[in-house]
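This report describes how selected residues of one protein chain are placed and what they touch. Please keep the sequence and the structure in view while reading.

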Amino acid sequence: KLLELQKEGNEIGGHGFNHYNAATFLSNHTVDEYLKQEIDPMLDLMPFYGLKVTSFAYPYGGRTKALDTVLLKKFKIIRGRAFCEEDPSKQGCYFNQTGTVYSFSIDDTHNHFNIPHLLKLLDYAKKNNKILILNSHSTVKNVTGDFQTKNATLELICKYIKRNNMKFYTLSDLDNLN
């Protein structure tokens, strides 16, 4: 499935070998240990299966500045998570012209997700010529558990983007805009 998605132009980003929360891991380990357990095995395995990995998304959004610095030597762009601010202008989920970006989760069970807020973020991006960065996990018709996004939510986003003549980007596309 990943190869088919990649063939269709979707980006397959790195997300860690064991899916550790990097910030939690680094409270008891070194950056080198994180690289040896999470990054290096993943970077060895992905090309074996024909997957091109040029971006990295922190599991759980857990990151540190020290790790950002090291990972930017291995990836074009890295993504953390923006945590909800009610005012869209204060939300950190817009492309900021750097190699470290933050996204807003559209998983239905995410604490701060709701359609009215998503529409405020999209409206702000459109009115201010911003690139909104979103993330989700598994897409489903009906949400039955954590880390799921309704297909209807994706359809709403796609229709909004099309209706407003906006554009979709992968994380690596953003690197080319720096």
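Aspartate 68 is buried, because its relative accessibility is 6% and the limit for that class is under 20%. The model examined here is a predicted one.

## Salt bridges

Aspartate 68 takes part in a salt bridge: its side chain meets that of arginine 63, with 2.4 Å from N to O. Arginine 63 has a relative accessible area of 23% and is therefore partly exposed. How many salt bridges does a search of the whole structure find? The search finds two.

In the other pair considered here, the side chain of lysine 74 meets that of aspartate 40 at 3.3 Å, N to O. This pair links distant parts of the chain, since lysine 74 lies in the loop between helix 4 and strand 2 (77-81), while aspartate 40 belongs to helix 3, 34 residues apart. Lysine 74 has a relative accessible area of 38% and so is partly exposed. Aspartate 40, at 28% relative accessibility, also counts as partly exposed.

Both residues of the bridge between arginine 63 and aspartate 68 are touched by threonine 100, which is also in contact with Leu72 and Ile78, when residues up to four places away in sequence are not counted. Threonine 100 is placed in strand 3 (residues 100-105). Its relative accessibility is 12%, so threonine 100 counts as buried.

## Nonpolar cores

In soluble globular proteins, nonpolar side chains tend to be buried together. In this model, the largest nonpolar core has 17 residues. Those with the most contacts inside this core are Tyr34, Ile39, Phe56, Tyr58, Leu67, Leu71 and Phe75. Two or more residues come from each of helix 2 (22-26), helix 3 (31-48) and helix 4 (65-71). Which of these elements gives the most to the core? Helix 3 does, with five residues.

Tyrosine 34 illustrates the contacts. Residues up to four places away in sequence being left out, tyrosine 34 touches Tyr20, Ala22, Phe25, Leu26, Ile39, Phe56, Pro59 and Leu67. Another core, of 14 residues, lies apart from the largest one; among its members are Cys93, Tyr94, Phe113 and Leu132.

## A nonpolar patch on the surface

Nonpolar residues are also found at the surface: Phe17, Leu45, Phe48 and Tyr49 make a nonpolar patch of about 460 Å². Phenylalanine 48 is located in helix 3. Is phenylalanine 48 buried or exposed? Its relative accessibility is 64%, and because the exposed class begins over 50%, phenylalanine 48 counts as exposed.

## A buried polar residue

Asparagine 135 is placed in strand 4 (residues 134-135). At 9% relative accessibility, asparagine 135 counts as buried. Its side chain is joined to that of serine 103 by a polar contact of 2.7 Å. Apart from neighbours within four places in sequence, the residues in contact with asparagine 135 are Arg79, Arg81, Ser103, Phe104, Ser105, Ile106 and Asp107.

## Partly exposed residues and distances along the chain

Three further residues lie outside the helices and strands named with them. Leucine 177 is found in the segment after helix 7 (171-175). Asparagine 128 is in the loop between helix 5 (115-127) and strand 4. Valine 143 occupies the loop between strand 5 (138-140) and strand 6 (148-150). The table gives a C-alpha to C-alpha distance for each.

| Residue | Partner | Separation in sequence | C-alpha distance |
|---|---|---|---|
| Leucine 177 | Glutamine 97 | 80 residues | 7.2 Å |
| Asparagine 128 | Serine 89 | 39 residues | 9.4 Å |
| Valine 143 | Tyrosine 169 | 26 residues | 26 Å |

Leucine 177 counts as partly exposed, at 40% relative accessibility. Not counting residues up to four places away in sequence, leucine 177 touches Phe95, Gln97, Ile131 and Tyr169. Its contacts thus include glutamine 97, the partner listed in the table at 7.2 Å.

Asparagine 128 has a relative accessible area of 37% and is partly exposed. Valine 143 is partly exposed as well, with a relative accessible area of 28%. With residues up to four places away in sequence left out, valine 143 touches Asp108, Thr109, Gln148 and Lys150.

Note on methods:
Residues numbered from 1 in each chain as written. Predicted model: local features only at pLDDT ≥ 70, side-chain atom pairs only at ≥ 80, totals over all residues. Heavy atoms only, no water. Core = buried A, V, L, I, M, F, W, Y, C linked by side-chain atoms within 4.5 Å. Buried < 20%, exposed > 50% of the residue type's maximum accessible area, 1.4 Å probe, protein only. Helix = DSSP H or I, 4+ residues; strand = E, 2+ residues; numbered from the N terminus. Contact = heavy atoms within 4.5 Å. Patch = residues over 30% accessible without salt bridge, like charges linked within 9 Å, V, L, I, M, F, W, Y side chains within 5 Å. Areas by Shrake-Rupley, 256 points an atom, 1.4 Å probe, with all protein chains shown as cover. Salt bridge = Lys/Arg side-chain N within 4 Å of Asp/Glu carboxyl O. Polar contact = N/O pair within 3.5 Å; in protein donor to acceptor, adjacent residues only side chain to side chain.
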